[in-house]
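Visitor: Before we look at particular contacts, I would like to hear the reasoning behind the terms that are used for a model like this one. Could you take me through it step by step?

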Amino acid sequence: FIAFYVLLPFLAPVLMKAGGVKPANWIYRAYSVVCHELAFRSWFLFGEQAIYPREAAEIDNVIPYSVATGLDDDDLWSAREFIGNEVIGYKVALCERDVAIYGGLLLFGVGFAIAGRRIKPIHWIVWIILGLIPIGLDGLSQLLSQPPMELIPYRESTPLLRSISGFLFGLTTAWFGYPYVEDTMRENRKILEEKYQRLKSISHPMPETSTTIS
């Protein structure tokens, strides 16, 4: 399910490139419910660059979003609706941070399965330090610095920071949670198997054996 969820958004730009505008738009609309899909915080395929960040991100040797598209950096609705074109490419239907989060969940899930679901969970403190704090600092500082908040000096995160913090959050969340879920499911399976065996013995009792004394 995670693989399907994180890979389907990459199909949208592929469909746009192939001329499948209608099914591509279905994907963009479906994911717009769970993701902001801002073009300046999304990956692009089949164009001049993989990213078109805001100028405020201060990334060298990259054409910024406003220059590439002619759109205003502060017009969030236009950034959300903008899909791309033949020149700059077409955006993935999940933002950079979400791709990293679900990519981390997927990577650990695959490793967990290969390891026979025997990997032990990390300590909750490790999860907080490596998973929650980086994504919290990066995302929250950006949120509080921009309209309508503007509580701290303006800051725009970069694709690299979004990807690192998102991946760490996804990976550590899976590492913390999946083993506990597996332990719970294993216990439930054991209980169900025991109940099944009891019901089976009641439904099909062992035949009585008789002995002959000579």
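Guide: An axis here is a line fitted to C-alpha atoms, for helices over the stretch in contact, and the angle between two axes runs from 0 to 180 degrees between N-to-C directions. Please keep in mind throughout that this is a predicted model. With that understood, the axes of helix H1 (residues 2-18) and helix H2 (residues 21-32) come within 8 Å and cross at roughly 140°.

Visitor: Why are H1 and H2 called oblique to each other?

Guide: Angles over 145 degrees count as roughly antiparallel and those of 65 to 115 as roughly perpendicular, with the rest, once angles under 35 are set aside as roughly parallel, called oblique. The crossing of H1 and H2 is at roughly 140°, and the two helices are therefore oblique. H1 passes H2 in a left-handed crossing.

Visitor: How do you know which residues of H1 and H2 meet, and what is their character by class?

Guide: Contact means heavy atoms within 4.5 Å. On the H1 side the residues are Phe4, Tyr5, Leu8, Pro9, Leu11, Ala12, Pro13, Leu15 and Met16, and they meet Val21, Pro23, Ala24, Ile27, Tyr28 and Tyr31 in H2. By class this contact has 15 nonpolar residues, with no polar and no charged ones.

Visitor: Which residues make the contact of H1 with H5?

Guide: H1 and helix H5 (residues 96-114) pack at an angle of about 145°, their axes being 9 Å apart, and H1 passes H5 in a left-handed crossing. Ile2, Ala3, Tyr5, Val6 and Phe10 of H1 make the contact with Val99, Tyr102, Gly103, Leu105 and Leu106 of H5. Nine of these residues are nonpolar, one is polar and none is charged; Gly is counted among the polar residues.

Visitor: What makes H6 and H7 roughly antiparallel?

Guide: The axes of H6 and H7 come within 9 Å and cross at roughly 150°. Angles over 145 degrees count as roughly antiparallel, and H6 and H7 are therefore described in that way. Their crossing is left-handed. The residues of the contact of H6 with H7 divide into ten nonpolar, six polar and two charged.

Visitor: Where is proline 148 found, and what is the peptide bond that leads to it from proline 147?

Guide: Proline 148 is in the loop between H6 and helix H7 (159-203), and the peptide bond from proline 147 is cis, with omega near 5°. Most residues other than glycine have a negative phi, and most peptide bonds are trans. Arginine 117, in the loop between H5 and H6, has a phi near 60°, a positive value in a residue other than glycine.

Visitor: What lines the largest pocket, and which residues lie nearest its centre?

Guide: The largest pocket has a volume of about 420 Å³ and is lined by 17 residues, of which Leu38, Arg41, Gln142, Leu143 and Gln146 lie nearest its centre. Helix H6 (residues 124-145) gives the largest share of this lining, four residues. By class, the lining has eight nonpolar, four polar and five charged residues.

Terms used: Residues numbered from 1 in each chain as written. Predicted model: local features only at pLDDT ≥ 70, side-chain atom pairs only at ≥ 80, totals over all residues. Heavy atoms only, no water. 1 Å grid on protein atoms, 1.4 Å probe; cavity = no way out; pocket = protein on both sides within 12 Å on 5 of 7 lines; lining within 4 Å. Points joined across faces, edges and corners; volume = space filled by probe spheres on them. Left-handed = near helix turned anticlockwise from the far one by under 90°.
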